[in-house]
Amino acid sequence: MRERGGPERVPDEFVVKFKAEVSESTIRQINAQHGTHVLSTSRFAGFKRLRVPPGRGIEELIDAYRSHPNVEYAEPNYTASAFFTPND
């Protein structure tokens, strides 16, 4: 999915980074409140890929997570592409 003139993003997914001191139990409670499901957790950066539940809007959920005091950031799951293949 691409916003008008914007970068590509994965439909029905967004990424959230919770603050370091937030427990997994609290994260599960926050996600349950919003009906989201964790798809994966980055081993290196610690952010979580979340699935948008049916009937909910991605922007609505991103705004809700961004305003939560235990969240460092929340944003769409943007895709990245290589512009060239190195020849080394």
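P69 sits in the loop between α2 and β4. In this predicted model, P69 counts as exposed because its relative accessibility is 59%, and the cut-off for exposed is over 50%. K19 lies 50 residues from P69 in sequence, yet the two C-alpha atoms are 8.7 Å apart in space.

**Overall build**

The protein has two helices and four strands. Along the sequence they follow the pattern β-α-β-β-α-β. The C-alpha trace spans about 45 × 30 × 20 Å along its principal axes. Of the 88 residues, 31% count as buried. Take the contacts between residues at least 6 apart in sequence: 64% of them join residues at least 24 apart.

The accessible surface comes to about 6,100 Å². Carbon and sulfur atoms account for 51% of that surface. Charge is matched in number, with 12 positive and 12 negative side chains. The centres of these two sets lie 3 Å apart.

**The two helices**

Each helix has a set of buried residues. The table puts them side by side.

| Helix | Buried residues | Arc around the axis | Packs against |
|---|---|---|---|
| α1 (24–34) | I27, I30, N31, H34 | 95° | β1, β2 (37–41), β3, α2 |
| α2 (58–66) | I58, L61, I62, Y65 | 100° | β1, α1, β3 (48–51), β4 |

Which residues of α1 are buried? They are I27, I30, N31 and H34. These residues fall within an arc of 95° seen down the axis, so they line one face of α1. The other side of α1 carries the exposed residues R28, Q29, A32 and Q33. Just after α1, G35 takes a positive phi of about 75°.

In α2, the buried residues are I58, L61, I62 and Y65. They cover an arc of only 100°, so they sit on the same side of α2. The spacing fits a general rule. An α-helix has 3.6 residues a turn, so residues three or four places apart point the same way.

The helices also pack against each other: α2 is among the partners of the buried residues of α1, and α1 is among the partners of the buried residues of α2.

**H34**

H34 lies in helix α1. Is H34 buried or exposed? H34 is buried, because its relative accessible area is 15% and the cut-off for buried is under 20%. Leaving out residues up to four places away in sequence, H34 touches P53, R56, L61, A64 and Y65. Two of these contacts, L61 and Y65, are buried residues of α2.

**The nonpolar core**

How many residues make up the largest nonpolar core? The core has 14 residues. Those with the most contacts inside it are F14, V16, F18, Y65, V71 and A74. Four elements each supply at least two core residues: β1 (9–18), α1, α2 and β4 (71–78). The largest share, four residues, comes from α2. In soluble globular proteins, nonpolar side chains tend to be buried together.

F18 shows how these parts meet. Residues up to four places away in sequence aside, F18 touches I27, I30, N31, K48, Y65, N70, V71 and E72. Among these partners, I27, I30 and N31 are buried residues of α1. Y65 is a partner of F18 and a buried residue of α2. Y65 also touches H34. V71, another partner of F18, is listed with F18 and Y65 among the core residues with the most contacts.

Conventions: Residues numbered from 1 in each chain as written. Predicted model: local features only at pLDDT ≥ 70, side-chain atom pairs only at ≥ 80, totals over all residues. Heavy atoms only, no water. Core = buried A, V, L, I, M, F, W, Y, C linked by side-chain atoms within 4.5 Å. Buried < 20%, exposed > 50% of the residue type's maximum accessible area, 1.4 Å probe, protein only. Contact = heavy atoms within 4.5 Å. Areas by Shrake-Rupley, 256 points an atom, 1.4 Å probe, with all protein chains shown as cover. Lys, Arg positive; Asp, Glu negative; His and termini not counted. Charge placed at Lys NZ, Arg CZ, Asp CG, Glu CD. Arc of directions from axis to C-beta.
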